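Reader: Hi! I'm in my first year and still learning how to read a protein model. Could you pick one part and take me through it slowly, then show me what surrounds it?

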Amino acid sequence: MFKKAQKQKSKLRLGIDGPSGSGKTWGALAIASAFGDKIAVIDTECGSASLYSDHFDFDVLELRDDFAPERYVEAIRMAEKAGYDVLVIDSISHEWEGVGGCLDIQNRLGGRYTDWAKVTPRHDLFVNALVSSSLHIIVTLRTKTEYIIEKNQHGKDTPRKVGTAPKQRDGLEYELTAVFNLCPQHIASVSKDRTGLFDGKDFRLDASVGRELLAWLDSGIAPPDHKAALNTAQDMQQLSDAWNAIPSHLKRDCLPLKEANKARLAQVEQTAAPVKRKRRARGKVGEVG
């Protein structure tokens, strides 16, 4: 059934990409500072985020040597359970092309196209963890670095470093609220912006950008509480209806709760069954008499 569309409050899914030295980590932390006091950082860049710990207050978890999708998922779940307000993942490029990442997994399986049938589900679990998380999430992405030749102010040919495609699987940007592209001069533009706040603008990443994003995310009605609907189901039909109302990308996170309530309702039905049988039996006796 169709119904009137309404904007709901939502969680941030922000991507920041750019070449080395463009300010991705600093920009991510500056924006995160507007989203609460409890900031977590998953650092895959050999401790680079901690270099800014005298400017920003955050907790860090460093991933090294193995960047399998499951390690990212585990780290995201840890941040959720710890009750952080916002999570920065610096960067998610390692999940794709790092040691133990998807490209490495596919290569170790044999490098055949058919091997992606085993790798893609593992990558999809990582993407689902990003999309379904209860936290605001900011991710950084490395970009391929190229040099272009330009004329300087004196008319001489001068090489300039630029970033091109982000190092991640094609299509990931579809899952994000916005994607900011940084240049070596630390100026951001957007390649995607569902908020409409920054489209067509050049700007620097600071806390004011975070405040604008947060205000946009909070301007809407409260989203449905799917977990509460599962917990308050009075019978199997209500549980089924509550489950069917959950978007597919959130189902995995809600599955343990669904199974727990299914067991609860089965126990209720099992307890009630003898009483119902006795009532039916008394009814039949009354009919015979």
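Author: Let's begin with a cluster of aromatic rings: W26, Y52 and F56 are linked by ring pairs. The model you are looking at is a predicted one. Look at W26 and F56 together. Their ring centres lie 5.0 Å apart and their planes make an angle of 75 degrees, so this pair is edge-to-face, since a plane angle over 60 degrees earns that name. Try turning the model until you see one ring from its side.

The pair also ties together distant parts of the chain. W26 is in helix α1, F56 is in the loop between β2 (39-43) and β3 (59-62), and 30 residues separate them in sequence. Are these two residues buried or exposed? W26 has a relative accessible area of 35%, so it is partly exposed, falling between the limits of 20% and 50%. F56 has 12% relative accessibility and therefore counts as buried, being under 20%. In the whole model, the count of aromatic pairs comes to seven.

Stay for a moment in the loop between β2 and β3, because C46 has its place there too. Its phi is near 60 degrees, a positive value in a residue that is not glycine. C46 counts as exposed, at 60% relative accessibility. H186 is another non-glycine residue with a positive phi, of about 70 degrees. You will find H186 in the loop between β7 and β8, where it is partly exposed at 37% relative accessibility.

Now back to helix α1, the home of W26. This helix helps to line the second largest pocket, which holds about 420 Å³ of space. There are 23 residues in the lining of that pocket, and G21, S22, G23, K24 and T25 lie nearest its centre. Both α1 (24-32) and β5 (136-151) supply at least two lining residues, and α1 gives the most, with four. By class, this lining has five nonpolar, twelve polar and six charged residues.

Helix α1 has a part in the interior as well. In soluble globular proteins, nonpolar side chains tend to be buried together. The largest nonpolar core here has 29 residues, and those touching the most other members are L14, I16, I31, I138, F180 and L213. Elements giving two or more residues to this core include β1 (13-18), α1, β2, β4 (86-90) and α6. Once again α1 gives the most, this time with five residues.

Strand β1 also holds R13. Is R13 buried or exposed? R13 counts as buried, at 7% relative accessibility. Its C-alpha is 4.8 Å from that of L176, although the two residues are 163 apart in sequence.

Follow β4 to another detail of the backbone. D90 and S91 are joined by a cis peptide bond, with omega at about 10 degrees. S91 lies in the loop between β4 and α3. On the other side of α3 (93-97), in the loop leading to α4 (102-108), you can find G98. G98 is buried, with a relative accessible area of 12%. The C-alpha atoms of G98 and D66 are 7.7 Å apart, while the residues are 32 apart in sequence.

Rings can also have a charge above them. K38 lies over the face of Y84, at 5.3 Å from the ring centre. In a second example, the charged end of R169 sits over the ring of W116, 5.2 Å from its centre.

Finally, let's visit the largest pocket, with a volume of about 1200 Å³. Its lining has 32 residues, and K11, S133, P223, H249 and L250 lie nearest its centre. The elements giving two or more residues to that lining are α2 (69-82), α5 (116-132), α6 (207-218), α7 (226-231) and α9 (248-288). Which of them has the largest share? The answer is α9, with seven residues. Sorted by class, the lining has eleven nonpolar, nine polar and twelve charged residues.

If you want one thread to keep hold of, make it helix α1. This helix carries W26 of the edge-to-face pair, gives the most to the lining of the second largest pocket and gives the most to the largest nonpolar core.

Technical notes:
Residues are numbered from 1 along each chain as its sequence is written. This is a predicted model: local features need pLDDT of at least 70, side-chain atom pairs count only at pLDDT 80 or more; totals for chains, interfaces and linings use all residues. Side-chain values use heavy atoms; hydrogens and water are left out. On a 1 Å grid over the protein atoms alone, a cavity is a set of points where a 1.4 Å probe fits but cannot get out, and a pocket is an open set with protein on both sides within 12 Å along at least five of seven lines; lining residues have an atom within 4 Å of a point. Grid points are joined across faces, edges and corners, and a volume is the space filled by probe spheres set on the points. Ala, Val, Leu, Ile, Met, Phe, Trp, Tyr, Cys and Pro count as nonpolar, Asp, Glu, Lys and Arg as charged, and the others, Gly among them, as polar. Rings of Phe, Tyr and Trp (its six-membered ring) pair if their centres lie within 6.5 Å; planes under 30 degrees apart count as stacked, over 60 as edge-to-face and the rest as tilted. Buried means under 20% relative accessible area, exposed over 50%, partly exposed in between (1.4 Å probe, protein chains only). A charge sits over a ring if NZ of Lys or CZ of Arg is within 6 Å of the ring centre and within 35 degrees of the ring normal. A nonpolar core is a set of buried Ala, Val, Leu, Ile, Met, Phe, Trp, Tyr and Cys residues joined through side-chain atoms within 4.5 Å.
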